[in-house]
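Grab a pencil and work through these exercises with the model open beside you. Each one has a task, followed by a solution in steps.

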Amino acid sequence: RAPPPSAHATNMIMQAPIPVTLLSGFLGAGKTTLLKRIVENAGNFRVAVVVNDVAALNIDSALVRNTRALDPNEPGLVELQNGCVCCTLRADLVKAIADLAAQRKFDAIVVESSGVSEPAQVAETFGIDVTGAADDPTDMDPREARELAAAVKSLRGASTLEQVARLDTCVTVVDAAAFNGDLASPADLLERFGDRESGGEATDSDGDRSVAQLLVSQIEFADLIVLNKCDLVSRNDALAVKSALTQLNPGAEIVTASRADVPLNKLLGTNRHDPERAANAAGWLRTLQDKNHRVVETKEYGICNFVYKARTPFHPTRLRAFLHEFAAVLDLDEEEEDEDMDEDMDEEMGDGDVDDGDVDDGNAMAMPLELRKAETDAKLKASVEKFGRVFRSKGFVWIAGRDDVCGEWGHAGAVLQLGCGGPWMGLLPSEMWPEEGSDERDMLERDFVNPILMDRRQELVFIGVRMNRSAIVAALDRCLVTRVEASRVRANPNASLRQDEWKLGLDGIVSDEEDPFPKWPSLDEMNLGSNDGHDHHGHHHGHGHHH
């Protein structure tokens with residue numbers, strides 16, 4: 001057991017936690033300019049700064065140091081070098097903020113995160129029991145253990161960072177001139193931002209993350225979105241981007257700015273951040289949570305959303321064909337042995353909704369960036385002509401023959417990712433469901449249709465500009481398995497089946513060699529045990545739950 005906190009530590013914990021503003025956004029969007037404005041215009045409001053520079057040159061911290069309002073000798077500027085504030089537990093970030101909070105000299109702390117960081121992960125750091133993590137250092141190398149011990153010491157008796165410093169405002173800075181291009185980019189983060197050894201912001205592991213997906217995640221978690229560099233685009237273009245941001249995050253305040261000129265009262269001490277609201281802030285999630293699934297449209301700019309729903313599984317081959325038409329870059333997290341499985345895709349896809357040149361061999365994210373760029377523009381143009389411009393789609397899919405696990409569909413701009421989303425909730429033990437009577441339980445119960453299908457379904461939110469809803473719906477409907485196809489698969493097609501039971505057990509609808517999707521783990525492989533699928537009530541984790 002940890003010793004009881006000292007009187008000083010108890011006093012520190014009892015004092016009101018200092019508010020922290022987190023600045024997120026891509027390199028070049030204007031985060032450092034905004035940080036400088038905060039420091040220069042703070043007046044009597046005492047602001048401490050934590051600069052997460054990542055690049056070895058420390059240019060950002062040098063710029064802030066040169067700002068007149070901040071004394072270079074004042075211990076209110078902390079640099080986090082050669083790292084990124086996007087790990088679940090970043091010990092040096094905890095230490096830096098805790099040390100500043102302990103000084104009791106400041107009215108607020110501003111943290112500038114790197115361009116590749118996800119604010120949701122930084123937010124998690126505030127609630128982690130650091131002392132508990134330090135008690136079990138088995139998986140840590142000596143350096144990590146030392147950093148964690150230093151963080152515990154800096155907390156001065158507190159067990160979590162949020163006891164001494166609260167996340168007050170999450171600000172995401174978006175470049176109005178680069179927004180559309182970043183959404184359409186086929187690049188991963190390593191290609192877009194460069195590696196740290198060369199002075200960039202990314203690591204080798206960031207090669208698995210796409211630019212568009214990161215941009216959207218930064219937008220969806222924000223309390224305040226600063227749409228910056230509006231002087232570089234027309235007024236109509238700026239308002240169109242603002243409307244798109246509103247669809248992506250309906251609850252965030254959006255301010256338009258040039259040269260990051262934003263009033264301080266929108267950035268510091270706002271009490272905006274609420275963890276539960278942030279977890280449910282994304283526009284796609286709010287749309288799913290809306291019982292009526294109302295279509296929201298900004299008529300002037302043609303920006304709208306809608307939900308596609310069905311209770312029949314997708315045929316894997318036709319779904320893959322649709323994905324090739326719909327997305328410029330397809331990322332299926334395939335294993336190496338699956339990379340050449342598409343060589344004969346055209347023959348398997350039927351009558352040719354897809355041209356020969358539209359089908360990529362293997363996983364598109366494995367292609368060199370130059371090849372991806374060469375194909376992306378043409379594929380995006382073809383997709384827009386047929387379906388309209390969809391800049392975000394998200395949800396869950398049911399693929400025939402994969403009755404135990406759902407597919408998690410995440411699409412932003414040019415890149416669509418589809419992988420295993422874990423088991424359907426109806427197959428999990430009841431103790432893993434949300435508490436009876438809770439709002440979350442009520443939402444999940446709406447996903448349950450009957451004891452046969454439980455919560456298996458197609459449920460996808462589409463957000464975009466002048467989308468051709470009827471074309472998207474028709475194309476997805478064509479992907480659904482038919483009764484005739486299902487009867488061909490069954491050993492005894494004339495057997496008596498209960499309602500909807502014909503949709504289950506279609507494992508042989510394509511052979512293992514012909515299956516265009518990589519294999520997903522079974523319930524046994526996920527240590528959840530096998531189930532017949534008919535003894536549980538189905539409650540899906542899709543509304544705000546991630547595997």
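Helices (H or I, at least four residues) and strands (E, at least two) are DSSP runs, numbered from the N terminus. We're working with a predicted model, where local features need pLDDT of at least 70, side-chain atom pairs count only at pLDDT 80 or more, and totals for chains, interfaces and linings use all residues. Residues are numbered from 1 along each chain as its sequence is written, and side-chain values use heavy atoms, with hydrogens and water left out.

**Exercise 1. Place Leu504 and say whether it is buried or exposed.**

Step 1: find the spot. Leu504 sits in the segment after helix 19 (483–489).

Step 2: check the cover. Buried means under 20% relative accessible area, exposed over 50%, and partly exposed in between (1.4 Å probe, protein chains only). Leu504 has 10% relative accessibility, so it counts as buried.

Step 3: look for a distant partner in sequence. Asp404 is 100 residues away from Leu504 along the chain, yet their C-alpha atoms are 9.9 Å apart.

**Exercise 2. Do the same for Val211, and find out which helix it belongs to.**

Step 1: Val211 belongs to helix 10 (residues 211–221).

Step 2: its relative accessibility is 0%, so Val211 is buried.

Step 3: now measure across to Phe26. Val211 and Phe26 are 185 residues apart along the chain, with 9.4 Å between their C-alpha atoms.

**Exercise 3. Work out which strands pair with strand 1, and how its residues point.**

Step 1: take the cover. Eight of the eight residues of strand 1 (residues 18–25) are buried.

Step 2: sort the directions. Ile18, Val20, Leu22 and Ser24 point one way, while Pro19, Thr21, Leu23 and Gly25 point the other way, and all are buried.

Step 3: pick out the neighbours. Two strands pair if DSSP finds at least two bridges between them. Strand 1 pairs with strand 5 (residues 165–175) in the parallel sense, over eight bridges. Strand 4 also runs parallel to strand 1, joined by four bridges.

Step 4: name a contact in each. Val20 has Leu167 as its bridge partner in strand 5, and Leu22 stands opposite Val111 in strand 4.

**Exercise 4. Explain why strand 9 is largely enclosed, then identify its antiparallel partner.**

Step 1: seven of the eight residues of strand 9 (residues 303–310) are buried, so the rest of the structure largely encloses it.

Step 2: strand 9 and strand 14 (residues 458–465) run antiparallel and are joined by eight bridges.

Step 3: for one bridge, go to Ala310, whose partner in strand 14 is Gln458.

**Exercise 5. Track down some salt bridges, and list the network that includes Arg457.**

Step 1: set the rule. A salt bridge is a side-chain nitrogen of Lys or Arg within 4 Å of a carboxyl oxygen of Asp or Glu. By that rule, the count is 18 salt bridges.

Step 2: start with Arg457. Its side chain meets that of Glu459 in a salt bridge (2.7 Å, N to O), and both residues are buried.

Step 3: widen the view. Lys309, Asp447, Arg457 and Glu459 are linked in a network of salt bridges.

Step 4: move along the chain. Lys503 and Asp500 form a salt bridge at 3.2 Å, N to O. Lys503 is buried at 7% relative accessibility, and Asp500 is buried at 13%.

Step 5: add one more pair. Arg498 and Glu501 form a salt bridge at 3.4 Å, N to O; Arg498 is partly exposed, with a relative accessible area of 48%.

**Exercise 6. Inspect Arg104 and Arg466: what is the phi of each, and where do they lie?**

Step 1: Arg104 has a phi near 55°, a positive value in a residue other than glycine. Arg104 is in the loop between helix 4 (91–103) and strand 4 (108–112), and is partly exposed at 29% relative accessibility.

Step 2: Arg466 has a phi near 45°, again positive in a residue other than glycine. Arg466 is in the loop between strand 14 and helix 18 (469–479), and counts as exposed at 56% relative accessibility.

**Exercise 7. How many residues of helix 14 are buried?**

Step 1: count them. Helix 14 (residues 316–326) is mostly covered, with 10 of its 11 residues buried.

Step 2: name a few. Among them are Leu319, Phe322, Leu323 and Phe326.
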